[in-house]
Amino acid sequence: LDSDANLDTLLYLIVATNEGVDDTRIPNSLDSVIKQLRATLSFKNYRLAATLVNRVKNEGRLDVRWIGGLLDGPSAAPSTLTPSFGQFQVGLVKLVRNAEGQPIVQMTRFSFGARIPTQTAQIAPPSGGSIFPTGGFPLINYENTGVTTDISMREGEAVVVGTLNPGPSGDAIVLVVSAKRTQR
């Protein structure tokens, strides 16, 4: 296959929830994925939380990082004091042909994850300290969450990579990826 080809990768983050959602519109290209999710998972509603669009050269790697937002959950208030840190990586994106001669996109070391702030304790203020809040200070640790795998898919096909639980809401984040050659 064309070694100079570029591929457009689409990573969809879908929220699976039992709560009502204001916007259930999902791109038509994900209809078969939503049908698969409804048959497999017990959630009532699905909504598109984000789409990450990136371009990578055939036999190249991809590394995207950001602060806050994507895995905080639908009802979480953003916090500048304790943001989450996200990352999407693919160690190698490669176009190959399967046994039937069809183009396949292989993603080696596909990794999606975040470091999420979690309050683990409350530290009491020192006695007699008037400048300290009366309730004390939260002790925050950052916990890693994510999925790492090797996957392959037909070119242009959207596939479910995995699910993540971003917090106590009971919702899940469903990771869906597709990749296809760019038009020159």
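# Group meeting talk: cores, strands and salt bridges

Let's start with one residue. Met-107 touches Thr-9, Val-90, Leu-92, Thr-149, Asp-150, Ile-151, Met-153, Val-177 and Ala-179, leaving out residues up to four places away in sequence. Contact here means heavy atoms within 4.5 Å.

Some ground rules. This is a predicted model, with residues numbered from 1 along each chain as its sequence is written. Local features need pLDDT of at least 70, side-chain atom pairs count only at pLDDT 80 or more, totals for chains, interfaces and linings use all residues, and side-chain values use heavy atoms, with hydrogens and water left out.

Now the overall layout. The chain has one helix and eight strands. Helices (H or I, at least four residues) and strands (E, at least two) are DSSP runs, numbered from the N terminus. Along the sequence the pattern reads β-α-β-β-β-β-β-β-β. Of the 184 residues, 36% are buried. Buried means under 20% relative accessible area, exposed over 50%, and partly exposed in between, with a 1.4 Å probe and protein chains only. Take contacts between residues at least 6 apart in sequence: 66% of them join residues at least 24 apart. The chain exposes about 10700 Å², and carbon and sulfur atoms supply 48% of that. Those areas come from the Shrake-Rupley method with a 1.4 Å probe; for residues, only the protein chains shown count as cover.

On to the cores. Which residues have the most contacts inside the largest nonpolar core? They are Phe-88, Met-107, Phe-110, Phe-112 and Val-177, in a core of 29 residues. The elements giving two or more residues to this core are strands E1 (6–17), E2 (45–57), E3 (60–67), E4 (85–97), E5 (103–123), E6 (137–154), E7 (159–164) and E8 (172–181). There is also a second, separate core of 14 residues, including Ile-14, Phe-43, Ala-172 and Val-176. By nonpolar core I mean a set of buried Ala, Val, Leu, Ile, Met, Phe, Trp, Tyr and Cys residues joined through side-chain atoms within 4.5 Å. In soluble globular proteins, nonpolar side chains tend to be buried together.

Next, strand E1. Nine of its 12 residues are buried, so E1 is mostly covered under that under-20% cut-off. E1 pairs with E2 in the antiparallel sense, over 12 bridges. E1 also pairs with E8, again antiparallel, over 10 bridges. Two strands count as paired if DSSP finds at least two bridges between them. Ala-16 shows both pairings. Its bridge partner in E2 is Tyr-46. Its bridge partner in E8 is Ala-172.

Stay in E1 for Leu-7. Is Leu-7 buried or exposed? Leu-7 is buried, at 0% relative accessible area. Beyond four places in sequence, Leu-7 touches a long list, including Asn-54, Val-56, Val-93, Leu-95, Val-105 and Ala-179. The C-alpha atoms of Leu-7 and Gly-60 are 9.6 Å apart, with their positions 53 residues apart along the chain.

Asn-54 sits in strand E2. Asn-54 is buried too, at 17% relative accessible area. Setting aside neighbours within four places, Asn-54 is in contact with Leu-7, Asp-8, Thr-9, Leu-62, Val-64 and Phe-88.

Now charges. How many salt bridges does the structure hold? Five. A salt bridge is a side-chain nitrogen of Lys or Arg within 4 Å of a carboxyl oxygen of Asp or Glu. One of them joins Asp-8 and Arg-55, at 3.0 Å from N to O. Asp-8 lies in strand E1 and Arg-55 in strand E2, so the pair ties together parts that are 47 residues apart in sequence. Asp-8 is partly exposed at 25% relative accessibility. Arg-55 is exposed at 52%.

Another pairs Arg-65 with Asp-63, the closest N and O atoms being 3.0 Å apart. Arg-65 is exposed at 59%, and Asp-63 is partly exposed at 31%. Then there is Glu-157 with Arg-154, at 3.1 Å between the closest N and O atoms. Glu-157 is partly exposed at 27%. Arg-154 is partly exposed at 46%.

Last, the surface. Ile-123, Phe-137 and Leu-139 make a nonpolar patch of about 230 Å². Patches are made of residues with over 30% relative accessible area and no salt bridge; like charges are joined within 9 Å, nonpolar side chains (Val, Leu, Ile, Met, Phe, Trp, Tyr) within 5 Å. Ile-123 belongs to strand E5. Ile-123 is partly exposed, at 40% relative accessible area.
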